[in-house]
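Good morning, and thank you for coming. I would like to take you through one structure, beginning with its ligand site.

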Amino acid sequence: MKSKTFSFPFISLLLLLFVVLSAAKSYDFFYFVQQWPGSYCDTRRGCCYPTTGKPEANFTIHGLWPNYDNGKYPHDCDYENLYDATKIEDLLPEMQTKWPTLACPSADGNKFWAHEWNKHGTCSESILNQYSYFQAGLDLQTKANILSILEDADIRPDGALYSTEHITEVIKEALGVLPSIECNRDESRNPQLFQIYLCVDKLGKDFIDCPFYPKRKCSPEIEFPAF
Ligand SMILES: *[C@@H]1O[C@H](CO)[C@@H](O)[C@H](O)[C@H]1NC(C)=O
């Protein structure tokens, strides 16, 4: 058999494949998702307070999710860098207040944080490690401070109905970017304010206008239940 060196087109093809594969591991922006605990808990399924106690009545973090501009998202990107609680030990007190779990059975939060890191966080590890990922989430929650934005506009968790458009406008006015509101239903099937999506740049630092908004719609009037 004749020996054959690799041809130029072949090398180029390999190179292209490499570039495409490494790009596939990246992402374009983050969804930063906060939830209202009152709306998580007053559902048919209900909730369980964490073992560390009832969270304060404030918007809490659900997650910081890498996303693509086309609406798709990467997930479970690295099985070799799974959640390790010892890496975020000094963030724990803040995690417990701002990123509490409400799932049943009652838990300390590690299972929730492990899910968030393993499924979503690992896909941003080209930019954020476990520590800086959780730190970024905590900083964004402080920066957004949704509850005081709403309360400043007399939108309070008092069980009353509020206009979804007004809620959206008030947040846009305060943060300079258009949020996306997700609703769920309470035990009597009334629509209510459940989660708020904000988009964040790749570094996990600044709010940006969403390249892609989740396709969903709340009723024009929604409840903002107490917690
Ligand atoms: C709610 O969270 C924000 C952001 O972390 C914080 O500044 C504010 O003091 C909290 N409000 C209450 C009532 O706990």
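I shall discuss the ligand, then two backbone features, and finally a pair of helices. Please bear in mind throughout that this is a predicted model.

Let us begin with the ligand. Which residues surround the ligand? They are Glu56, Asn58, Lys98, Gln141, Thr142 and Asn145. By class, this shell comprises 4 polar and 2 charged residues, with no nonpolar residue.

Three side chains offer polar atoms to oxygen atoms of the ligand, and I shall take them in turn. For Asn58, an N or O atom of the side chain is 2.4 Å from a ligand oxygen. For Glu56, the corresponding separation between a side-chain N or O atom and a ligand oxygen is 3.0 Å. For Asn145, a polar side-chain atom lies 3.4 Å from an oxygen atom of the ligand. As for burial, the ligand taken alone exposes 360 Å², and the protein buries 59% of that.

Asn145 also deserves attention for its backbone. This residue sits in the loop between α5 and α6, the latter spanning 146–152. Its phi is near 40 degrees, a positive value in a residue other than glycine. As a general matter, most residues other than glycine have a negative phi, and most peptide bonds are trans.

That brings me to the second backbone feature. Where is a cis peptide bond found? One joins Cys104 and Pro105, with omega at about -5 degrees. Pro105 belongs to the loop between α3, residues 92–98, and α4.

Finally, I turn to the helices. How do α4 and α5 pack? Helix α4 covers residues 110–119 and helix α5 covers residues 130–144. Their axes are 11 Å apart and the packing angle is about 110 degrees. Because of that angle, α4 is roughly perpendicular to α5, given that 65 to 115 degrees is the range for that term. On the α4 side, the contact is made by Trp113, Glu116 and Trp117. On the α5 side, Gln130, Tyr133 and Phe134 take part. By class, the residues of this contact are 4 nonpolar, 1 polar and 1 charged.

That concludes my presentation, and I welcome your questions.

Note on methods. Residues are numbered from 1 along each chain as its sequence is written. This is a predicted model: local features need pLDDT of at least 70, side-chain atom pairs count only at pLDDT 80 or more; totals for chains, interfaces and linings use all residues. Side-chain values use heavy atoms; hydrogens and water are left out. Axes are lines fitted to C-alpha atoms, for helices over the stretch in contact, and angles run from 0 to 180 degrees between N-to-C directions. Helices (H or I, at least four residues) and strands (E, at least two) are DSSP runs, numbered from the N terminus. Angles under 35 degrees count as roughly parallel, over 145 as roughly antiparallel, 65 to 115 as roughly perpendicular and the rest as oblique. Contact means heavy atoms within 4.5 Å. Ala, Val, Leu, Ile, Met, Phe, Trp, Tyr, Cys and Pro count as nonpolar, Asp, Glu, Lys and Arg as charged, and the others, Gly among them, as polar. A residue is near a molecule or strand if one of its heavy atoms lies within 4 Å of it. A polar contact is a pair of N or O atoms within 3.5 Å; within protein, one must be able to donate a hydrogen and the other to accept it, and residues adjacent in sequence count only if both atoms are side-chain atoms. Accessible areas come from the Shrake-Rupley method with a 1.4 Å probe; for residues, only the protein chains shown count as cover.
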